[in-house]
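Let's take a friendly walk through this protein chain together. Have the sequence and the 3D view at hand, and follow along as we go from the whole chain to a few chosen spots.

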Amino acid sequence: MTQDAAGGPVTPNEDDVRSGERPEARLEKAVGVAEQALIEFEIAVETFRIEVENFSRLHHQKLGPMYSRLDELDAQIAEAKARQTGDPEDLAKADELRALVMPMPGVEELFHGWMDSEGLSPEGAAMLTEQSVRPPERVRPSEEARKLYRELVRKAHPDLAREEQERTRREEFMTRVNAAYGRGDEALLGELAEEWAAGPVPESRLSASEELYARLEWLSQRKELLTVVARDLEDSAIGSMLRMAPEDPDRLLEEIAEQLLARVSEREAELARWVQ
């Protein structure tokens, strides 16, 4: 409670009346600021998640065979050494390294993603003809897609639901929204925005103030959850690599590939010495 110029007490509500603001106006402003901050944070986290997934696919496609080759060479070197020494420790190490070598994939795993309705996909045909395989496309959502995603998250998030049926509807809808944003599909996001605008609007059973306080509580909980997700992404192996070269991750892959090729050459030379 404060004092006015005459020394009399002035309550916050009286301040609001004198300024022409409704009692909930300040709370509405606080909620609006918190919403905007959270939405921007959520978009940043989702965009980084997409980058991590894309980079992980590129990393596996480009460097996976090199890692497999290194594992195989390590096993062959250990086996050659064990054959020559007969030492139990060398034999045990050879068995251990052989067990680490990735087994041959099954038929379904081998052809998953490489077949379409007309037979082999372009990527599968490229592999069989020893042509370069097209790398996965790097998804970078446009500014309009980011804007549409921001609005849809703000309006349709499941945690805004008050009833289980409405929560289920929102969860199913947001699954479609996240998938569209993950592909950077601006047109589909626009269609989803129109669909949501035409959908049912559940009746609120809370007062205006109760709605605002509930919204603030949800925003706080959501921020805590996103902070954990963001930290896990940044601390992951792929996330850490991306943070090393955020502007040119493809060049980082090239550098790692060069290092792996050098290690493969060293292992091959070592294996040649053991089998002579």
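What follows starts with the chain as a whole and then turns to two helix pairs and one residue.

Please keep in mind that this is a predicted model. The chain's secondary structure consists of 11 helices and 4 strands. Of its 276 residues, 31% are buried. About 18100 Å² of the chain is exposed, and 53% of that area comes from carbon and sulfur atoms. You may also like to know how contacts are spread along the sequence: among those with a separation of 6 or more, 66% join residues 24 or more positions apart.

Now find helix H6, residues 143-156, and helix H8, residues 186-198. Their axes lie 9 Å apart, and the two helices pack at an angle of about 30°. Since angles under 35 degrees count as roughly parallel, that angle makes H6 roughly parallel to H8. The crossing of H6 past H8 is left-handed. To see which side chains to look for, start on H6 with Glu144, Ala145, Leu148, Leu152, Lys155 and Ala156, which meet Glu186, Leu189, Gly190, Leu192, Ala193 and Trp196 of H8. Sorted by class, this contact between H6 and H8 has 8 nonpolar residues, 1 polar residue and 3 charged residues.

Next, move to helix H2, which spans residues 25-85. How is H2 oriented relative to helix H10? H10 covers residues 237-244, and it packs with H2 at an angle of about 100°, with 9 Å between their axes. Angles of 65 to 115 degrees count as roughly perpendicular, and H2 and H10 are therefore roughly perpendicular to each other. On the H2 side, the contact is made by Phe48, Glu51, Val52, Phe55, Ser56 and His59. Their partners in H10 are Ile238, Gly239, Met241, Leu242 and Arg243. By class, the contact of H2 with H10 has 6 nonpolar, 3 polar and 2 charged residues.

Stay on H2 for one last stop, at Glu46, which lies in this helix. Is Glu46 buried or exposed? Its relative accessibility is 10%, and buried means under 20%, so Glu46 counts as buried. Which residues does Glu46 touch, leaving aside those up to four places away in sequence? They are Tyr149, Asn178 and Tyr181. One of these, Tyr149, falls within the residue range 143-156 of H6, which brings you back to the helix where the tour of pairs began.

Note on methods: Residues numbered from 1 in each chain as written. Predicted model: local features only at pLDDT ≥ 70, side-chain atom pairs only at ≥ 80, totals over all residues. Heavy atoms only, no water. Axes fitted to C-alpha atoms, helices over the stretch in contact; angles between N-to-C directions. Parallel < 35°, antiparallel > 145°, perpendicular 65-115°, else oblique. Left-handed = near helix turned anticlockwise from the far one by under 90°. Contact = heavy atoms within 4.5 Å. Nonpolar A, V, L, I, M, F, W, Y, C, P; charged D, E, K, R; others polar. Buried < 20%, exposed > 50% of the residue type's maximum accessible area, 1.4 Å probe, protein only. Areas by Shrake-Rupley, 256 points an atom, 1.4 Å probe, with all protein chains shown as cover.
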